[in-house]
Amino acid sequence: MIDLTGLSTESRNPETVDLDEMTPLEIARVMNREDARAVQSITEVLPAVARAITWATEALRAGGRLIYLGAGTSGRLGVLDAAECPPTFGVSPDLVVGLIAGGEGALLTAVEGAEDSETLAAEELDAIGLGAADIVVGLAASGRTPYVVHGLRHARSRGCKTVAIACNRNSAIGAEADLAIEAVPGPEVLTGSTRLKAGTVQKLVLNMISTATMVGLGKAYQNLMVDVQQTNEKLTVRGQNIVMEATGCDRATAVDALQEAAGHVKTAVVMVLGGMDAKRARRALEASKGHVRAALAAGH
């Protein structure tokens, strides 16, 4: 049985012992104060986050994948981050993968016993063809979830780089990983409800890892999403706006460039800034491995 004694995520918060007697505004205020602590707790682990970003960038450049592994809220956050990478960065759904104990059904309904399995994570990792080029990031607020502990252990045995994200120090998942990111936001407003501050911490760290990794892969120019997928009217207009922001051109020019570039925002940006046609812009981007600045430098 997992021992949760002494874990800050399971401790009672002295600021909220009278939670059931507070007014809605008082509850909102105390939650807001505690959320600020969650954000601040990440500051001291930023060097570890940066190392995880470096490893993830290297793994994806080498043909590997970024794989998130978690149960409950932690698993859902990993799946969410993975699901948002294709539309935001134009990558394949297979590049960033989220695995949750209990499978897709666990996204909506708790699957009894799944997070306690010592074999399920290994089976699921093998089912998606885990290889040494992949990097596996295990998430668990408590840092003790067996599904994640044994998943990370299995990943290391296959030669993968491994990262653990927990909200308690000296975590069991941290001991199984090559790198431990252990930001400690302290006891929850509602005792043990780690969907709150601990969930916030994990979401913020995942935001950093996926965003900075994609920037490192050339998925941004300046601070613009130049690989955004135009899958609806809003995103089509956003694509035009990005070309306009990046180049200073008018909308008509952006629309024409995007049409010639078959809707590829990054290609359109290089076309307008570099004075190139679509074919030449694509060649420049290919040579620069997708980095707009390098493509423009090579084009000149």
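# A guided tour of the predicted model

Of the 300 residues of the protein chain, 49% count as buried. The model is predicted. Start with the whole chain in view: along its principal axes, the C-alpha trace spans about 65 × 50 × 35 Å. Shown as a cartoon, the protein chain has twelve helices and five strands.

## Stop 1: strand S4 and its neighbours

Select residues 161–166, which form strand S4. Five of the six residues of S4 are buried, so the rest of the structure largely encloses this strand.

Now add strand S3, residues 135–140. S3 and S4 are paired in the parallel sense, with six bridges between them. For one point of contact, pick isoleucine 135, whose bridge partner in S4 is lysine 161. To follow the chain from S3 to S4, show helix H5, residues 146–157: the chain passes through this helix on the way, and the β-α-β crossover is right-handed.

Next, show strand S5, residues 179–182. S4 and S5 run parallel and are joined by four bridges. Here isoleucine 165 stands opposite isoleucine 181 of S5.

Before leaving the strands, show the side chains of lysine 161 and tryptophan 55. What does the charged end of lysine 161 sit over? It sits over the ring of tryptophan 55, 4.0 Å from the ring centre. As for aromatic pairs, a search of the whole structure finds zero.

## Stop 2: the salt bridges

Side chains of opposite charge can pair when their charged atoms come close. How many salt bridges does the structure hold? There are nine, and three of the pairs are visited here.

Select lysine 197 and glutamate 34. They form a salt bridge whose closest N and O atoms are 2.7 Å apart. Lysine 197 belongs to helix H7 (residues 197–216) and glutamate 34 to helix H1 (residues 24–41), so this pair ties together parts that are 163 residues apart in sequence. Are the two residues buried or exposed? Lysine 197 has a relative accessible area of 2%, which means that it is buried. Glutamate 34 is buried as well, at 3%. Add Arg37 to the selection: Glu34, Arg37 and Lys197 are linked in a network of salt bridges.

Move on to arginine 169 and glutamate 44. Their side chains meet in a salt bridge at 2.9 Å, N to O. Arginine 169 is in the loop between strand S4 and helix H6 (172–176), while glutamate 44 is in the loop between H1 and helix H2 (46–61), so the pair ties together parts 125 residues apart in sequence. Arginine 169 is partly exposed, with a relative accessible area of 47%, and glutamate 44 is exposed, at 57%.

The third pair is arginine 65 with aspartate 134, a salt bridge with its closest N and O atoms 2.8 Å apart. Distant parts of the chain are linked here: arginine 65 is in the loop between H2 and strand S1 (66–70), aspartate 134 is in the loop between helix H4 (120–127) and S3, and the two are 69 residues apart. Both arginine 65 and aspartate 134 are buried.

## Stop 3: cysteines

Select the cysteines and show their sulfur atoms. How many disulfides does a search of the whole structure find? The search finds zero. Take cysteine 160, which is in no disulfide: the nearest cysteine sulfur belongs to cysteine 85 and is 18 Å away. A disulfide needs two cysteine sulfur atoms within 2.5 Å, so a separation of that kind does not qualify. Cysteine 160 is buried, with a relative accessible area of 4%. Cysteine 167 is also buried, with 0% relative accessibility.

## Stop 4: two residues with positive phi

Most residues other than glycine have a negative phi. The last selections depart from that pattern.

Select asparagine 170, in the loop between S4 and H6. Its phi is near 55°, a positive value in a residue other than glycine. Asparagine 170 is exposed, with a relative accessible area of 69%.

Then select alanine 262. Where is alanine 262 found? It is in the loop between helix H9 (251–260) and helix H10 (265–274). Alanine 262 is not a glycine, yet its phi is positive, at about 55°. Alanine 262 has a relative accessible area of 68%, which means that it counts as exposed.

Definitions and conventions
Residues numbered from 1 in each chain as written. Predicted model: local features only at pLDDT ≥ 70, side-chain atom pairs only at ≥ 80, totals over all residues. Heavy atoms only, no water. Salt bridge = Lys/Arg side-chain N within 4 Å of Asp/Glu carboxyl O. Buried < 20%, exposed > 50% of the residue type's maximum accessible area, 1.4 Å probe, protein only. Pairing = 2+ DSSP bridges. Right-handed = clockwise from strand over helix to strand, strands pointing away. Phe/Tyr/Trp six-rings, centres within 6.5 Å; stacked < 30°, edge-to-face > 60°. Lys NZ or Arg CZ within 6 Å of the ring centre and 35° of its normal.
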